[in-house]
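Biologist: I am new to this structure and would be grateful for a close look at a single part of it. Please choose one helix and describe how it sits among its surroundings.

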Amino acid sequence: MKKLASATDPLWYKDAIIYELHVRAFADSNGDGIGDFPGLLSRLDYLQDLGVTCIWLLPFFPSPLRDDGYDIANYVDVNPSYGTLSDFKAFQDAAHGRGMQVMIELVINHTSDQHPWFKAARLAPPGSAAREMYVWSSTNKLFEGARVIFTDSEKSNWTWDVTAKAYYWHRFFSHQPDLNFDNPQVMEEVLKAIRFWLDMGVDALRMDAIPYLVERDGTSCENLPETHLVVKKIRAAIDAEYGNRLILAEANEAPADVRPYFGDGDECQMAFHFPLMPRIYMALRQEDRQPITDIMAQTPAIPDNCQWGLFLRNHDELTLEMVTDDERDYMYFAYSADPRMRVNAGIRRRLAPLLDNNRRRIELLNSLLLSFPGTPILYYGDEIGMGDNIYLGDRNGVRTPMQWNSDRNAGFSKCDPARLYLPIVMDPIYGYQAVNVEAQLSDQSSLLHWMRNMIALRKLFQVFGRGTLHFLSPANRKILAYLRDLERGDGTHETVLCVANLSRFAQPVSLDLAGQNGAEPVEMLGYVPFPAITEAPYVLSLAPYSFLWLELQSPGVRPK
Ligand code: NOJ
Ligand code: CA
């Protein structure tokens with residue numbers, strides 16, 4: 001008998017609304033300045049009310065925290081700062097009780113150098129199984145085709161270890177040695193960790209840094225066939241024992257290179273759409289839909305059981321690895337006036353500050369996030385328009401405490417403010433007195449209320465998560481218009497027309513909707529009937545940065 005996850009539909013992730021958060025940043029229950037599982041549990045009402053259906057937890061395992069927990073020292077426990085395994089379980093049971101799924105991190109490309117495996121490996125004789133848990137070399141000239149990812153902090157992917165008297169390989173920080181997937185013992189240990197969490201009831205795993213699992217000389221050491229074999233083995237092992245689980249691939253690669261991570265539906269069910277994200281920001285700043293339509297044209301079809309993961313921002317920098325040099329220059333110019341806003345090949349800012357705190361732009365981008373083909377992923381705090389702190393190091397500026405109210409420490413913790421794991425944002429525009437959950441809950445026209453309404457609306461229409469996409473090509477390129485369509489079980493169609501104005505000025509648009517002749521559009525937010533579609537071009541006017549979602553109903557359905 002397979003052990004089933006909490007969701008009953010095996011394709012549950014297609015209809016999900018994912019909310020990404022760090023336990024440390026969300027709510028502190030015991031006043032030590034660090035968020036924890038009991039704190040998160042106490043805030044589940046908030047998440048349920050917002051309408052999210054899946055909570056993605058950033059790494060919460062024991063760790064020296066030199067990469068915010070992506071440097072794992074023990075795969076099968078909880079960092080004591082965040083609580084205990086039973087605190088995790090209590091949180092997970094409560095989430096499941098509310099019909100929410102739980103996604104955790106599977107960081108298997110590397111461990112912390114404080115993991116007992118690495119401590120043992122550097123002491124073990126060369127060639128021994130313990131040593132071979134990691135990738136060693138007597139020279140740093142191997143794998144020279146592999147790029148450095150953390151360009152601001154690392155010069156090489158090799159670091160000399162004085163104890164081992166050899167170089168070890170690391171694609172990220174030098175304190176994150178890469179595991180050696182050529183050693184079968186690594187796979188065994190990884191599977192043990194996976195079973196530990198899936199037995200506990202975890203629904204989904206985000207596979208971190210997946211393109212770099214295996215390295216071979218003379219290649220870029222990314223997306224190798226051997227890496228795909230590892231992923232297929234993990235998926236097969238999960239499918240053999242468990243049901244209704246999900247693997248989400250973190251592969252920051254061009255669309256054609258991400259496609260193989262879906263395999264024939266036998267690798268990851270989901271993968272982030274990294275290249276789309278910066279193009280949304282480009283299209284907005286250029287007031288031109290082309291960056292979006294171009295990247296979508298390059299996006300291959302994926303197997304039926306698979307899904308794209310869509311996001312506007314996350315816990316990392318807004319990555320510009322998957323754009324051309326010219327596009328990167330443009331993005332830096334347009335979105336990071338202060339060099340402090342840049343880190344590695346990206347921009348370390350939150351959604352609201354990136355969009356100059358312009359409510360209409362924030363709504364427009366969220367409307368795309370919620371209506372494009374895929375599953376939307378929201379980053380904690382962006383639903384209230386939280387700001388960032390560019391004076392904090394690395395990516396910490398977008399990882400500050402959640403702003404709950406205008407009390408001490410934004411209601412995040414009762415501790416001495418000096419003790420907080422990171423300072424609360426306090427500037428006059430984005431500071432906790434101006435931007436917080438409590439204030440927005442009591443303001444019917446707040447961004448939070450708007451997000452909640454939009455999420456609720458999206459959940460009423462399966463077409464958003466499961467339907468096809470067809471772009472229209474009106475002459476006015478400031479307008480992005482597309483049809484989403486889903487054939488229901490009874491042969492009828494759920495069809496939605498989305499029209500977005502990327503410009504800061506009002507725009508007219510004339511749409512060729514001849515294929516929809518006779519359909520009666522209904523504006524979905526207000527259930528407002530629009531003129532029926534005829535053979536003639538369908539003409540609309542859109543206010544600056546506005547968007548329309550129109551359900552195309554068959555003639556006669558609409559109440560007269
Ligand atoms: C990707 C994660 O999103 C990032 O935060 C981390 O630093 C690297 N992987 C290394 O694990
Ligand atoms: Ca705490």
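Modeller: This is a predicted model, and the part chosen here is helix α4, which spans residues 85–97. Its 13 residues reach 18 Å from the first C-alpha to the last, close to the 18 Å expected at 1.5 Å a residue.

The side of the helix that is hidden may be considered next. F88, F91, Q92, A94 and A95 are the buried residues in α4. They lie on the same side of the helix because the arc they cover around the axis is only 160°. The general geometry helps in reading such a pattern: an α-helix has 3.6 residues a turn, so residues three or four places apart point the same way. The cover over the buried residues of α4 includes three helices, α2 (37–42), α3 (44–50) and α6 (184–200), together with the strands β3 (54–57) and β4.

On the face turned away from this buried side, α4 carries S86 and G97, both exposed. Just after the helix comes G99, with a positive phi of about 75°.

One of the covering elements, β4, leads on to a further residue. The loop between β4 (101–106) and α5 (116–123) holds N109. N109 counts as buried because its relative accessibility is 0%, and buried means under 20%. Its side chain makes a polar contact of 3.0 Å with that of H110 and another of 3.2 Å with that of D178. Beyond its neighbours within four places in sequence, N109 is in contact with residues including R171, F172, P177, L179 and Y212.

Terms used. Residues are numbered from 1 along each chain as its sequence is written. Chains are lettered from A and ligands numbered from 1 in the order in which they are written. This is a predicted model: local features need pLDDT of at least 70, side-chain atom pairs count only at pLDDT 80 or more; totals for chains, interfaces and linings use all residues. Side-chain values use heavy atoms; hydrogens and water are left out. Helices (H or I, at least four residues) and strands (E, at least two) are DSSP runs, numbered from the N terminus. Buried means under 20% relative accessible area, exposed over 50%, partly exposed in between (1.4 Å probe, protein chains only). A polar contact is a pair of N or O atoms within 3.5 Å; within protein, one must be able to donate a hydrogen and the other to accept it, and residues adjacent in sequence count only if both atoms are side-chain atoms. Contact means heavy atoms within 4.5 Å. The expected span of a helix is 1.5 Å times one less than its number of residues. The arc is that of the directions from the helix axis to the C-beta atoms.
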